[in-house]
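Me: I'm new to this one and would like a close look at a single part of it. Could you walk me through it in plain words?

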Amino acid sequence: MSWKDEARAGLNDIWPAALAAVPIGLLFGALAAGKGLSPFEVFLMSVLVFAGGAQFAAVELWASPAPIAALVFSTALINARHILMSASIAPKLKGFSTAQTFGGLYYMADENWALAEKRARTHPVTPAYWFAMVVPFVLGWLTTSTTGAIIGAALGDPKRYGADFAFTALFIALTAAFWKGRVTAWTVAAAGVASALAYKLAGPPWHVLAGALCGLAAAWIAAGDLAEKPVESPAE
Amino acid sequence: MTVDPINLAAFLGMALVTYFTRIAGLALVGRLNLSARAQAAFDAIPPAVLIAVIAPSALATGWPETVAALVCGLAATRLPLLGVVAVGVATVVVLRMVA
């Protein structure tokens with residue numbers, strides 16, 4: 001296939017995901033504006049970090065001055081799954097120069113990673129395919145999140161519309177997307193109780209650490225009876 | 001176009017750790033051999049962190065938020081992402097009027 005065909009395949013694969021991300025980007029920008037971030041700051045965060053889940057978590061934790069350690073810690077935890085994702089996709093990238101590999105992986109996200117994994121089952125993943133898929137997706141996120149911040153700043157206090165609760169609702173919905181049965185149920189219960197207790201007793205940002213660690217411990221314990229089974233492919 | 005320097009430092013820190021996770025896999029290719037338990041704990045990271053972040057808002061704010069969070073949990077079993085958000089926000093707005 002010529003590079004043009006490869007690029008066309010990338011565009012064909014990414015557009016539904018890019019479309020689905022439009023309202024999410026607008027919502028993110030509006031919520032960030034509600035925490036006092038300017039549209040340009042929202043743009044900067046999106047262009048530098050480009051990680052939806054971690055960015056939503058960051059805005060939920062945001063305060064003035066920014067709690068840098070808590071923000072970086074929460075981002076590292078939420079994005080830790082990328083280590084397994086990049087380990088899985090890296091050997092499937094064909095014909096990438098070193099610069100293309102390190103540049104291309106900068107914007108690896110759940111959606112374009114999953115599409116590239118799917119592509120790799122039937123075709124080599126070429127630079128033309130990868131960048132045709134990644135560039136519009138990134139541009140979409142930058143445009144919608146910045147636009148959301150501009151609109152959000154005009155709307156004023158998000159609490160008036162219950163928009164402050166949108167985070168909580170969104171994160172519950174995202175948790176459902178990671179659902180893997182009983183182990184996840186124990187994870188969620190332990191993380192929720194530990195986080196709420198730590199929030200009451202020690203205050204932010206300790207609730208994130210306490211909740212995350214208790215959730216992981218619960219998963220470890222609940223998965224005890226899986227220990228004899230063979231490892232499945234590295235997922236999500 | 002002003003940017004708070006502390007905010008910029010936070011963005012850069014977040015970007016750095018995120019990029020690290022995205023290229024760390026290059027060093028692991030062919031060497032990754034997690035036990036089933038370690039895999040389960042690894043898979044549990046996203047939900048554990050997501051719930052840890054929102055638990056104070058869902059469980060330690062007031063009963064309207066707690067009830068709305070439960071409604072979201074039910075909605076999440078059948079609605080797409082934005083549907084859950086719409087249901088959750090509508091629920092909390094109505095319940096706060098009652099509270």
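Reply: Let's start with A:P65, which sits in the loop between helix 3 (52-61) and helix 4 (68-79) of chain A. Keep in mind that this is a predicted model. The bond that joins A:S64 and A:P65 is a cis peptide bond, with omega at about 0°. That deserves a second look because most peptide bonds are trans.

Now step back to the loop between helix 2 (39-48) and helix 3 of chain A, where you'll find A:F50. Its backbone has a twist to look at too: phi of A:F50 is near 45°, a positive value in a residue other than glycine. For comparison, most residues other than glycine have a negative phi. And is A:F50 buried or exposed? The relative accessible area of A:F50 is 4%, and buried means under 20%, so A:F50 is buried.

Further along chain A there's another residue to pick out, A:N112, which lies in helix 7 (residues 110-120) of chain A. A:N112 has 0% relative accessibility, so A:N112 counts as buried as well. You can also look at A:N112 together with A:W130: the two are 18 residues apart in sequence, and their C-alpha atoms are 8.2 Å apart in space.

A:W130 brings us to helix 8 of chain A, which covers residues 127-155. How do helix 1 and helix 8 of chain A meet? The axis of helix 1 (residues 3-34) and the axis of helix 8 come within 6 Å and cross at roughly 20°. Angles under 35 degrees count as roughly parallel, so that is how helix 1 and helix 8 of chain A run relative to each other. The crossing of helix 1 past helix 8 in chain A is right-handed. If you sort the residues of this contact between helix 1 and helix 8 of chain A by class, you get 23 nonpolar, eight polar and two charged ones.

Chain B gives you some surroundings to look at. There are five helices and zero strands in chain B, and along the sequence the pattern reads α-α-α-α-α. Chain B is more spread out than a compact globule, because its radius of gyration is 19 Å, well over the 13 Å that the globule rule gives for 99 residues. Along the principal axes, the C-alpha atoms of chain B fill a box of roughly 55 × 45 × 25 Å. Of the 99 residues of chain B, 47% count as buried. The accessible surface of chain B is about 4700 Å², and 72% of that belongs to carbon and sulfur atoms.

Conventions. Residues numbered from 1 in each chain as written. Chains lettered and ligands numbered in written order. Predicted model: local features only at pLDDT ≥ 70, side-chain atom pairs only at ≥ 80, totals over all residues. Heavy atoms only, no water. Helix = DSSP H or I, 4+ residues; strand = E, 2+ residues; numbered from the N terminus. Rg over C-alpha atoms; globule rule 2.2 N^0.38 Å. Buried < 20%, exposed > 50% of the residue type's maximum accessible area, 1.4 Å probe, protein only. Areas by Shrake-Rupley, 256 points an atom, 1.4 Å probe, with all protein chains shown as cover. Axes fitted to C-alpha atoms, helices over the stretch in contact; angles between N-to-C directions. Parallel < 35°, antiparallel > 145°, perpendicular 65-115°, else oblique. Left-handed = near helix turned anticlockwise from the far one by under 90°. Nonpolar A, V, L, I, M, F, W, Y, C, P; charged D, E, K, R; others polar.
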